[in-house]
Amino acid sequence: MYAIVEMAGQQFKVAKDQKVYVHRLQEEEGKKVTFDKVLLLEDGGNVTIGAPVIEGAAVEAKVVKHLKGDKVIVFKKKRRKGYRKKNGHRQYLTEIVVEGIVAKGAKKAAPAKAKAEAKPAAEPKKAEAKAAAPKKEAPTATEDLSSKTVAELRELAKAQDITGYSSMKKAELIEALSK
């Protein structure tokens, strides 16, 4: 049995009792961690693919230790110019051991629910603001439209939700508004 899981912004193929090095996690050494973003799950030839994640599936792991990875050298050079820069760094990593893969019945992480509940509260305010703004109605007579400037015609086209108004000339704007 194996699973493809998103951990710390990266996707890993994991199996039970496997050691994985991921970007630094906030958990302390010895603590258990649950990753609920399971993208694919294989159990004895039965493959389940999530859209985008599999509901109820999770991977349970234990944080073994925090460490730094191997040194990575970044060397930049421009030939015949005398330009050379040598730089490097060591990535902060966390070593985890996968203790088990749960196919069904896993609970969602609490921080993810808090974020999900916070987003819908903000969206109705935007919808109310859009609904409160009345749309301007364009004059129906073509004589009135010809006396207006191109900028005014574009604003009228924007209010009527006409697409491509920014690249239209004055005559095209008048024609589109008079329809």
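Two strands are said to pair if DSSP finds at least two bridges between them. In this predicted model, strand β1 (residues 2–7) and strand β5 meet that requirement, pairing in the antiparallel sense over four bridges. Within this pairing, Ala3 has Leu41 of β5 as its bridge partner.

A step back to the whole chain helps to place these strands. The protein chain contains four helices and eight strands. Along the sequence, the elements follow the pattern β-β-β-β-β-β-β-β-α-α-α-α. Of the 179 residues in the protein chain, 23% are buried.

Strand β5 (residues 38–43) is a good place to begin a closer look, being mostly covered, with five of its six residues buried. Besides its bridges to β1, β5 is joined by four bridges to strand β6 (residues 46–49), and β5 and β6 run antiparallel. One of the contacts here involves Leu40, whose bridge partner in β6 is Ile49. β5 and β6 form a hairpin with two residues between the strands, and in this hairpin Gly44 takes a positive phi near 60°.

Beyond β6 comes another backbone feature. The peptide bond from Ala51 to Pro52 is cis, and its omega is near -5°. Pro52 is placed in the loop between β6 and β7, and Pro52 counts as exposed because its relative accessibility is 62%. Pro52 is 14 residues from Val38 in sequence, and the two C-alpha atoms are 8.6 Å apart in space.

Two further residues draw attention through their backbone angles. Ala8 is not a glycine, yet it has a positive phi of about 50°. Ala8 is found in the loop between β1 and β2 (10–15), where it is partly exposed, with a relative accessible area of 35%. Arg80, also a residue other than glycine, has a positive phi near 60°. The loop between β7 and β8 holds Arg80, and a relative accessible area of 68% makes Arg80 exposed.

Strand β7 offers two views of the structure, one through Val59 and one through Lys68. Val59 lies in β7 and is buried, its relative accessible area being 0%. In sequence, Val59 and Val14 are 45 residues apart, while in space their C-alpha atoms are 8.7 Å apart. Lys68 also has its place in strand β7. With a relative accessibility of 39%, Lys68 counts as partly exposed, because the partly exposed range runs between 20% and 50%.

Lys68 also belongs to a charged surface feature. Together, Arg24, Lys68, Lys71, Lys86 and Arg90 gather in a patch of positive charge on the surface. Both β7 (58–78) and β8 (83–102) contribute to this positive patch, each supplying at least two of its residues.

Opposite charges meet elsewhere, as the structure holds three salt bridges. In one of them, Asp17 is joined to Lys16, with the closest N and O atoms 3.8 Å apart. Asp17 and Lys16 are exposed.

Another salt bridge forms between Lys19 and Glu95, where the closest N and O atoms are 3.5 Å apart. Lys19 lies in strand β3 (residues 19–23) and Glu95 in strand β8, so this pair ties together parts that are 76 residues apart in sequence. The partners have their own levels of exposure: Lys19 counts as exposed at 51% relative accessibility, whereas Glu95 is buried, with a relative accessible area of 4%.

Strand β8 takes part in a further salt bridge through Glu99. The side chains of Glu99 and Lys32 meet at 2.7 Å, N to O. Because Glu99 lies in strand β8 and Lys32 in strand β4 (residues 32–35), the pair ties together parts that are 67 residues apart in sequence. Glu99 is partly exposed, at 30% relative accessibility, and Lys32 is exposed, at 62%.

How values were computed:
Residues numbered from 1 in each chain as written. Predicted model: local features only at pLDDT ≥ 70, side-chain atom pairs only at ≥ 80, totals over all residues. Heavy atoms only, no water. Patch = residues over 30% accessible without salt bridge, like charges linked within 9 Å, V, L, I, M, F, W, Y side chains within 5 Å. Areas by Shrake-Rupley, 256 points an atom, 1.4 Å probe, with all protein chains shown as cover. Salt bridge = Lys/Arg side-chain N within 4 Å of Asp/Glu carboxyl O. Lys, Arg positive; Asp, Glu negative; His and termini not counted. Charge placed at Lys NZ, Arg CZ, Asp CG, Glu CD. Buried < 20%, exposed > 50% of the residue type's maximum accessible area, 1.4 Å probe, protein only.
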